[in-house]
Amino acid sequence: MIEFKDVTKVYLKDIIALKNLNLKIADGEFVFLIGPSGAGKSTLIKLLLKEEAPTKGQIVLDDVDISHVGSRRIPNIRRKFGVVFQDFRLLEDRDVFSNVAYAMEIHGIGKKEIRKRVIECLTLVNLLDKRKYFPNQLSGGEQQRVSIARALVNNPSILIADEPTGNLDSNTAWEIMHLLEGINETGTTIIMATHAKEIVNQMKKRVLQLERGHLLRDEENGEYDESN
Ligand code: ADP
């Protein structure tokens, strides 16, 4: 469970990125985070990942107030999250297998266990046959699938996807969405920031709409525009 309790984030003394935000996201939910550029979507994500601290309020993750925990405990919090970005952020000098394995290597996990889990994740995203390819030998959709495998390899309970379909054509975007939907059905919470109107409208998931740092709308089975 994620809970924002009266969270305000102010940058540089007077730029209010989030204002008195209250919301709860239960385990296993699929949530779209929408709103125009500058609305506060990235800030919300950064607060969750402990890349920024709130100016006021509490952020509670699985009954722990993470707003002001010390740096020693940040790795434990980050381990609960997998993150997928619009621009994939793969390591160009490592092949597919190694890109996914790297996310486990940095936690000092043994080779055998890494191999088993990487194969599982590459199978899930249907890329095991391309495990020896390098990122520049893959299509955009394939690169995004590698980044999803990498995000899942440490078994996070929450997957954050920041515009994951922003660089993809419509068919490929839907491929990614079906993959994310399948991952959500296995119990992983998904929080996806997006401007993809058609995807939000067709998926009929919970919609959180931010505007100028305020939560303008929180709707189950929502659409992109309130008027629809
Ligand atoms: P979104 O992701 O919806 O585009 P952001 O969370 O990036 O919105 O931005 C919300 C507001 O906070 C904007 O006014 C933006 O300019 C400001 N902002 C974001 N990050 C910083 C920062 N590091 N320093 C100063 N202002 C920032």
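This passage describes the nonpolar cores of a predicted model, the helix α6, and the region around Lys205 and Arg206.

The largest nonpolar core of the model has 43 residues, and those with the most contacts inside it are Phe32, Val118, Leu122, Ile148, Met177, Leu180 and Ile199. At least two residues of this core are supplied by each of β3 (30–34), α3 (96–105), α4 (111–124), α5 (140–152), β7 (158–162), α6 (170–185), β8 (189–193) and α7. The largest share, 7 residues, comes from α6. A second core, separate from this one, has 28 residues, and Val31, Ala39, Leu49 and Ile191 are included in it.

The helix α6 has 16 residues, and the distance from its first C-alpha to its last is 22 Å, which is close to the 22 Å expected at 1.5 Å a residue. The residues of α6 that are buried are Thr172, Ala173, Trp174, Ile176, Met177, Leu179, Leu180, Ile183 and Asn184, and the elements that cover them include β3, α4, α5, β7, β8 and α7. At the N-terminal end, α6 is capped by Asp169, a side-chain oxygen of which lies 3.1 Å from the backbone nitrogen of Asn171. Just after the helix, Gly187 takes a positive phi of about 115°.

Phe32, one of the residues with the most contacts inside the largest core, touches Met177, Met192, Thr194, Ile199, Val200, Met203, Lys205, Arg206, Val207 and Leu208 when residues up to four places away in sequence are not counted. Two of the residues named here, Lys205 and Arg206, are described further below.

Lys205 is found in the loop between α7 (197–203) and β9 (206–211). With a relative accessible area of 18%, Lys205 counts as buried, because buried means under 20%. Apart from neighbours within four places in sequence, Lys205 is in contact with Phe30, Phe32, Glu181, Glu219, Glu220, Asn221 and Gly222. Lys204 is found in the loop between α7 and β9 as well, but Lys204 is partly exposed, with a relative accessible area of 39%. The phi of Lys204 is near 55°, a positive value in a residue other than glycine.

Arg206 has its place in strand β9 and, at 7% relative accessibility, counts as buried. Although Arg206 and Val31 are 175 residues apart in sequence, they are 4.9 Å apart in space, C-alpha to C-alpha. With residues up to four places away in sequence not counted, Arg206 touches Lys24, Ile25, Glu29, Phe30, Val31, Phe32, Asp218, Glu219, Glu220 and Asn221. The side chain of Arg206 makes a polar contact with the side chain of Glu29, at 2.9 Å, and another with the side chain of Asp218, also given as 2.9 Å.

Asn221, which is in contact with Lys205 and is touched by Arg206, lies in the segment after β10 (214–219). With a relative accessible area of 53%, Asn221 is exposed, because the cut-off for that class is over 50%. The phi of Asn221 is near 45°, which is a positive value in a residue other than glycine.

Elsewhere in the model, the charged end of Arg89 sits over the ring of Phe85, 3.8 Å from the centre of that ring.

Technical notes: Residues are numbered from 1 along each chain as its sequence is written. This is a predicted model: local features need pLDDT of at least 70, side-chain atom pairs count only at pLDDT 80 or more; totals for chains, interfaces and linings use all residues. Side-chain values use heavy atoms; hydrogens and water are left out. Helices (H or I, at least four residues) and strands (E, at least two) are DSSP runs, numbered from the N terminus. Buried means under 20% relative accessible area, exposed over 50%, partly exposed in between (1.4 Å probe, protein chains only). Contact means heavy atoms within 4.5 Å. A nonpolar core is a set of buried Ala, Val, Leu, Ile, Met, Phe, Trp, Tyr and Cys residues joined through side-chain atoms within 4.5 Å. The expected span of a helix is 1.5 Å times one less than its number of residues. A polar contact is a pair of N or O atoms within 3.5 Å; within protein, one must be able to donate a hydrogen and the other to accept it, and residues adjacent in sequence count only if both atoms are side-chain atoms. A charge sits over a ring if NZ of Lys or CZ of Arg is within 6 Å of the ring centre and within 35 degrees of the ring normal.
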